[in-house]
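Visitor: I'd like a close look at one part of this predicted model. Start with the salt bridges, then pick one strand and stay with it for a while.

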Amino acid sequence: KIFRALARLEPCRSCALHIGAMDSTVRATPSSSTAFLAGQAPAPLPPSLRGVAPTRSGLLLPSAPEERIGAGSSSAGWASWAATAGAAAAGLACASTAQRRRGGASTRLQPALAVAVMEQEQAIAAASEPRRSTPTPDLLLRVARGESCDRTPVWLMRQAGRYMKTFRKYSERYPFRQRSETPEIAVELSLQCWRRYGMDAVIFFSDILTPLPAMGIEFDIIRGRGPLVLGDLARMLEDRLTGPNAIREVMNSDDFLTSHSFIRETLQTLRKETEGQCTLLGFVGAPWTLAAYSVEGGSTKDAEKFRKWMYEKPAVVEEFLRRVTASIAEYAVFQVQSGAQCIQIFDSWAHCQTPDEWRKWAAPQVKTIAATLRARCPGVPIFYFANGGSSYLKLQAEELAGVVDVLSIDQGCRMSDAVKACEGSGLILQGNVDPFVLKFGSEVQIRDAVRRVIDEAGGPGKHIMNLGHGVMQGTPEENVLFLVEEAQIYV
């Protein structure tokens, strides 16, 4: 697998010679490494080879092999494999550099070594991990379109997350953007929770900030710190609307093929994996949230810097939001064209707005995205989630009735109150078990919470079960099983 992946990168002559010599050495060594390269199932990787990590340049290198070799594997064989991996990484670095110098269409490093190790570990884990299948494959899609069914579909925000041990094997090894922008890894992280729990939907592993570079706004997600948006837009927003470095408006969904081809590959693969088994969800960030993130430069309590722009220079904010909205609408269409069956719009910072601010600055942008999706992707259900928006839920229902199909409810209100606030709107509700109940509650408490929410929503099959926010880090894995299972058996 390493050699096949490297072959796609067309390494230079010196690398080819090095890899050729390495190939001969490995094939002459009767060990687990040769079984691995031959596509057989070797013994699990020793700890020293599970430590593949990025260097400052982004190159993937195996960690030092001084750690104890795992039982059941050949020390000489693993030493040979370590030499192979190191040489392959060197060849990969040279090939990637050469590709950039040739001015190739893509300069994103293809982590061939990481993928090869990942696939080997997946095969080992798949043999022993418990699995649940989705009882009714198209249930979520039917409920989102307004059908009344006999069971409540369930999926969870942040269902692909660090609460899972298998997920942490990747998050502790590879930086976020490498995980989300490498299709092989993104697909695996999207599917782990579904294979384990059998939710009614898979949502692809990515981030709401992912489309920003297509607009000329760079970002990264730093472990232990969170998102970091570059460009000092808190000071330079007005300047960045003009000139050679102006924030761009993505005019056509096909433009994302140039900058975000990994999204297409990820969604197309996931659609093949889930076809006839469950619903595939795409998602985007709401324009106001993305604009606020960009100006604040990262996480914030109240979006003070962006709101200052809103009041002091509203015309600047209006133009910025217009460009973000047009671009995100095209990004949503791009996801549907790539295989997504529904689109969720995350307004993660809606809690920073007053109801009047939400009506003026956020709702019109959501309507524009929804109108674009309706025109270009008819029949695709649209979900909307305003984090902290339960304080102005009735206003949401008034503004978004007939605009979106599903309104997600946070844990700030009871589901019965949400039903009353949205009565007559035609909106399907989603939510809203408290993530803290899921993290700290007993099995009985979790199952009781699921049944209570379903009953308050009108009974089984009348809404979509979810949390009031995402699954929290540190949530016991078995607790997620209790929630999903109860939603699927409660009739």
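Guide: Sure, salt bridges to begin with: searching the whole structure turns up 24 of them. Let's walk through a few, asking where the two partners sit and how covered they are.

Take Glu 181 and Arg 177, whose closest N and O atoms are 2.7 Å apart. Both belong to helix 8 (residues 176–181), and they are four residues apart, about one turn of the helix. That spacing is handy because an α-helix has 3.6 residues a turn, so residues three or four places apart point the same way. Glu 181 has a relative accessibility of 10%, so it counts as buried, the cut-off being under 20%.

Helix 15 (residues 314–338) gives you another case, with Arg 322 and Glu 319 three residues apart, again about one helical turn. Their side chains form a salt bridge at 3.0 Å, N to O. How covered is this pair? Arg 322 is partly exposed, at 40% relative accessible area, and Glu 319 is partly exposed too, at 24%.

Now for a bridge that reaches between separate elements. Glu 456 and Arg 414 form a salt bridge, with their closest N and O atoms 2.3 Å apart. Glu 456 is in helix 20 (residues 443–456), while Arg 414 is in the loop between strand 9 (406–408) and helix 18 (415–421), so this pair ties together parts that are 42 residues apart in sequence. Glu 456 is buried, at 17% relative accessibility, whereas Arg 414 is partly exposed, at 43%. Salt bridges can also link up by sharing partners: Glu 443, Arg 447, Asp 448, Arg 451, Glu 485 and Glu 486 are joined into one network that way.

Okay, now the strand to stay with: strand 7, residues 342–347. Six of its six residues are buried, so strand 7 is largely enclosed by the rest of the structure. It helps to think about its two faces, because in a regular strand the side chains alternate between the two faces of the sheet. Here both faces are covered: Cys 342, Gln 344 and Phe 346 are buried on one side, and Ile 343, Ile 345 and Asp 347 are buried on the other.

What lies on either side of strand 7? Strand 6 (residues 279–285) pairs with strand 7 in the parallel sense, over five bridges, and Leu 281 stands opposite Cys 342. Strand 8 (residues 382–386) also pairs with strand 7 in the parallel sense over five bridges, with Ile 345 opposite Tyr 384. Follow the chain from strand 7 through helix 16 (residues 355–376) into strand 8, and you have traced a right-handed β-α-β unit.

Zoom in on one residue of strand 7, Gln 344. With a relative accessible area of 1%, Gln 344 counts as buried. Who surrounds it? Beyond its neighbours within four places in sequence, Gln 344 is in contact with Trp 155, Met 157, Gly 282, Phe 283, Val 284, Phe 383, Phe 385 and Gln 430. One of these, Gln 430, also makes a polar contact of 3.4 Å with Gln 344, side chain to side chain.

For another covered element, look at helix 13 (residues 287–296), where 10 of 10 residues are buried. Among them are Trp 288, Tyr 293 and Glu 296. Just past the end of helix 13, Gly 297 takes a positive phi of about 85°.

Strand 4 (residues 219–222) makes a nice contrast in how its faces are treated: Phe 219 and Ile 221 are on a covered face, while Asp 220 and Ile 222 are on an uncovered one. Strand 4 runs antiparallel to strand 5 (residues 226–229), joined by four bridges, and Ile 222 has Gly 226 as its bridge partner. Three residues separate these two strands in their hairpin, where Gly 224 takes a positive phi near 90°.

One last thing to keep in mind, since this is a prediction. The average pLDDT is 82, and 74% of the residues score at least 70. Residues 3–109 stay under 50, and the model has 146 contacts for them beyond four places in sequence.

Technical notes:
Residues numbered from 1 in each chain as written. Predicted model: local features only at pLDDT ≥ 70, side-chain atom pairs only at ≥ 80, totals over all residues. Heavy atoms only, no water. Salt bridge = Lys/Arg side-chain N within 4 Å of Asp/Glu carboxyl O. Buried < 20%, exposed > 50% of the residue type's maximum accessible area, 1.4 Å probe, protein only. Polar contact = N/O pair within 3.5 Å; in protein donor to acceptor, adjacent residues only side chain to side chain. Contact = heavy atoms within 4.5 Å. Pairing = 2+ DSSP bridges. Right-handed = clockwise from strand over helix to strand, strands pointing away. pLDDT = per-residue confidence, 0-100.
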